[in-house]
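The following exercises are to be worked with the sequence and the 3D structure at hand. Please attempt each task before reading its solution.

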Amino acid sequence: MKYHISFLILLFALHVQAQFPFGGGSKGPTIKGKIEGQVLDSLTQEALSYSSIALKKKGSSITLDGVLADDHGYFKFSDVNNGAYDVYISYVGYPEKKVSVETTLKSPDANIGSILIPPSANVLNEVEIVEERLLIENKADKLVFNAENDASIAGGDATDVLRKVPMLSVDLNGNVSLRGSQNVRILINGKPSGMFSSNVADALKMFPADQIKKVEVITSPSAKYDAEGSAGIINIITKKQNIEGIAGSINASVGNRQNSLFANFNAGKGRFGLSSSAAVFYSTPGTGSNDFTRIDKVTDGTVTQLGTHKSSSLGANGSINAFYDFNGYNSINSSFSYRGFGFDNEGTTRGSISQQGFLDNFIRESKGDNFFSGFDWSTDYTHKFAQKEGQELNIGVQYSKQNNSQDFSIEETHDLSLLNRNTDLNNEGVNNEITIQADYEHPITKEIKIETGVKTIFRNIVSDYNTQAFDINTGYTPLIEQFNYYQDVYAGYASFNFLIARKYSLITGLRYEQTAIKGRFGQAQELDFDNIQYDNFLPNLTISRTFTGFRTLKLGYSQRIQRPSLQFINPFNNNSDFINRTVGNPLLNPELVQQVELGYNFTYKGFSTFSALFYKHTDDIIEQILSLDENQLSVNTYKNIGTNNSFGLNTFISKTINLFTLRTGGNIATYHAQGLINGEAAERKSYEYNIFLNGEMKISGTFKADFFGFFRSPVRTIQGDNPAFTIYGLGLRKEFKDWSVGITLIEPFGANKYFKTNIDTEVLKQSSSIGIPFRSFGANFRYKFGNVNFKERKSKVKNSDLKQGGDMQNQGGAGSDRGGLNK
């Protein structure tokens with residue numbers, strides 16, 4: 001029965017195709033090409049740098065795409081279907097000009113050549129420039145941040161990029177939140193990666209910022225996307241592309257905190273293409289501090305710790321992608337990527353325990369060696385039907401493997417010798433995933449399209465650990481175990497897209513997902529579980545209305561699911577800090593989320609803005625819970641505590657005047673959690689918010705400065721607050737013909753930054769603080785070579801069904817990135 005519903009959805013869509021073979025007429029094959037040209041002043045023959053170029057179907061008023069010309073007035077539209085188009089050119093102080101052009105199957109590429117525009121007789125009094133489209137684009141179904149155009153992120157990693165994206169916030173450790181929720185799913189080039197199967201924060205540090213082309217944020221995914229990622233989907237597009245010709249680039253950055261080297265090479269001719277990339281990055285050692293205090297409200301007992309730590313990191317990644325077009329209707333695309341990331345830390349901590357007449361002072365010397373590695377391999381076959389443009393079948397398969405290794409060396413000396421220890425702890429984790437899926441698109445008419453598909457994920461997670469159990473009376477005893485977690489997901493979907501009167505758009509669909517889970521312990525077999533199965537029908541509906549003046553009103557509703565990943569379910573007893581240990585919960589249920597959002601964007605007198613109101617209801621919300629164990633020591637684990645209701649607003653505003661662009665905005669949302677903690681009813685009402693300000697100034701056509709600042713309030717939980725976060729910085733970049741050079745400064749006036757966590761329950765009060773070196777500066781260099789025509793290709797395989805974890809500040813915990821079944 002597992003497959004029946006999924007295949008019924010697919011068969012239904014195929015039945016609709018058979019019943020409606022009309023609509024739009026039969027069309028021949030299509031091919032994608034490019035349209036390019038150069039904009040010049042007709043009198044001086046000088047380039048009109050950064051002209052606004054719009055592409056429309058011939059005779060239509062609807063803009064299909066828009067770009068800005070470069071420093072030399074050149075522009076290019078890529079991936080354009082053959083047909084007749086109108087190209088509109090706009091530049092302040094010049095009249096708008098229209099140029100008609102047509103591409104065909106025989107000649108898919110069109111070079112308009114020089115487009116000469118005479119200056120206007122009258123110069124506009126009010127300047128309105130839409131250059132912000134270079135950095136931020138608000139499309140019908142997503143928000144796009146074009147990272148490659150931001151000078152202030154050069155030399156950083158992916159977390160530095162995501163901190164600049166409207167609606168997103170990133171904390172100290174790299175945990176990403178969307179509208180205040182860490183239940184997001186992160187994709188790489190439109191597909192999942194096993195690198196996010198354990199700790200998303202560490203995974204993001206594997207990506208140099210110079211490797212990222214743009215970031216897409218999708219808050220109301222349609223049924224074709226996996227149901228995971230209850231807050232939404234973040235799609236990171238890298239600069240890896242398939243091309244016609246030979247090209248490559250080298251990016252290098254050096255600084256006091258971060259250093260990186262990224263290179264790519266692309267080659268393609270005719271129907272075959274190959275691209276590759278490689279990166280290495282190194283974070284220099286930095287020394288920080290940490291302190292911890294816990295007060296027992298019942299006994300007045302106290303636990304304190306104070307120490308220093310030193311850490312550094314080293315990582316690398318690489319990828320290779322190849323494609324081949326058999327003909328105009330059939331093609332195959334295959335890619336392989338590998339990553340490795342490790343960080344070392346060592347520290348010295350002094351502490352004391354005072355509890356009901358018991359007093360113990362101790363000193364701990366610790367070393368940690370963490371290494372994460374893995375690979376993804378995917379292959380996709382695409383068949384385009386000759387009968388109708390846009391009718392397409394995609395079949396994809398992906399295999400991912402992620403290895404996580406954590407090794408700790410602990411030496412503790414106590415006043416009470418029973419507590420002394422000199423031991424090694426380790427946890428080896430492996431996540432294997434096999435994904436098979438098929439997706440079918442069928443346009444019934446030009447205004448109606450059906451998308452449908454089926455998907456299966458086979459997931460096996462292994463956690464092999466060697467740790468210790470502690471008893472205040474007997475001391476430490478070995479705890480050796482292997483845990484196997486099996487999760488199979490079966491899914492099917494149907495999505496319908498309607499365009500009504502060219503002003504109204506409606507997307508609706510239904511996704512079905514069935515999940516089967518079982519767990520096996522090597523030693524404690526009495527804890528085995530199986531036959532856990534849940535079925536979910538997940539509808540979505542989005543209605544949008546466009547108005548004149550680039551205004552859009554959108555209303556969306558969706559249901560989504562959030563399954564816990566390894567970091568939440570891992571039963572490894574991590575007591576490297578015996579006072580504040582962490583252990584996962586294999587019996588967690590998934591979170592179920594319903595969300596409604598109302599969004600509106602408009603442009604007025606040079607101001608561009610978009611805002612959205614939203615409401616989100618979550619059942620079985622997963623949070624990290626702190627309690628006392630039988631030894632009266634802190635233990636952190638994860639539980640389904642109950643429900644959370646959240647109302648919120650996010651907004652973004654930008655204004656460009658002459659060569660200066662300013663952007664600001666933020667998010668605010670309520671937090672209202674109700675549930676049970678350790679058998680007792682609990683409730684908390686609060687709110688979270690973040691604000692940002694950034695901008696850029698074009699000092700000249702080839703010299704640009706960027707700045708940014710960001711503040712996020714503490715993250716609320718039902719027991720307390722996780723750290724607030726602030727950051728600011730600036731960057732300068734000078735462009736030359738084939739190379740550029742720049743500098744970046746982050747927090748230049750403060751050497752260190754401190755992050756505080758507070759927990760307050762009926763029985764205890766706990767606070768902790770981590771201080772780390774934060775001020776950084778660096779120089780970066782970019783060089784590119786070759787001249788190519790880019791044709792980007794993406795895998796159709798997208799797994800996004802796991803709730804990811806992140807460090808929760810001395811609670812041994814994890815935040816979360818979310819996953820789910822994607823298209």
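**Exercise 1. Nonpolar cores**

How many residues does the largest nonpolar core have, and which of them have the most contacts inside it?

*Solution.* The model under study is a predicted one.
Step 1. The largest nonpolar core comprises 35 residues.
Step 2. The residues with the most contacts inside this core are Leu162, Leu168, Val176, Val215 and Ile234.
Step 3. Take Leu162 and set aside its neighbours within four places in sequence: Leu162 is then in contact with Leu168, Val170, Val176, Leu204, Val215 and Ile234.
Step 4. Another core, of 18 residues, lies apart from this one and includes Ile35, Val87, Ile89 and Ala110.
As general background, nonpolar side chains in soluble globular proteins tend to be buried together.

**Exercise 2. A three-stranded sheet**

Determine the strand order of the open sheet of three strands, and explain why one side of β4 and of β7 is left without a neighbour in the sheet.

*Solution.*
Step 1. The order is β4-β1-β7, and the pairing is mixed.
Step 2. β4 (74–81) and β7 (109–117) stand at the edges with a single partner strand each, so one side of each has no neighbour in the sheet.
Step 3. On average, neighbouring strands of this sheet are turned by 20 degrees against each other, direction ignored.
Step 4. Strand β1 (residues 32–41) and β4 run antiparallel and are joined by six bridges. Glu36 has Lys76 in β4 as its bridge partner.

**Exercise 3. Salt bridges and their surroundings**

For the salt bridges of Asp760 with Lys297, Arg716 with Asp721, and Lys753 with Glu747, decide whether the residues are buried or partly exposed.

*Solution.*
Step 1. The whole structure contains 17 salt bridges.
Step 2. In the pair of Asp760 and Lys297, the closest N and O atoms are 2.5 Å apart. This pair links distant parts of the chain, 463 residues apart: Asp760 belongs to strand β39 (residues 752–760), and Lys297 to the loop between β17 (272–296) and β18 (302–325).
Step 3. Buried means under 20% relative accessible area, and exposed means over 50%. Asp760 has 44% relative accessibility and therefore counts as partly exposed; Lys297, at 39%, is also partly exposed.
Step 4. Arg716 and Asp721 meet at 3.3 Å, N to O, and both are buried.
Step 5. Between Lys753 and Glu747 the closest N and O atoms are 2.9 Å apart. Lys753 is buried at 12%, and Glu747 is buried at 6%.

**Exercise 4. A network**

Which residues are linked with Arg364 in a network of salt bridges?

*Solution.* The network links Arg364 with Glu412, Arg421 and Asp577.

Terms used:
Residues numbered from 1 in each chain as written. Predicted model: local features only at pLDDT ≥ 70, side-chain atom pairs only at ≥ 80, totals over all residues. Heavy atoms only, no water. Core = buried A, V, L, I, M, F, W, Y, C linked by side-chain atoms within 4.5 Å. Buried < 20%, exposed > 50% of the residue type's maximum accessible area, 1.4 Å probe, protein only. Contact = heavy atoms within 4.5 Å. Pairing = 2+ DSSP bridges. Helix = DSSP H or I, 4+ residues; strand = E, 2+ residues; numbered from the N terminus. Axes fitted to C-alpha atoms, helices over the stretch in contact; angles between N-to-C directions. Salt bridge = Lys/Arg side-chain N within 4 Å of Asp/Glu carboxyl O.
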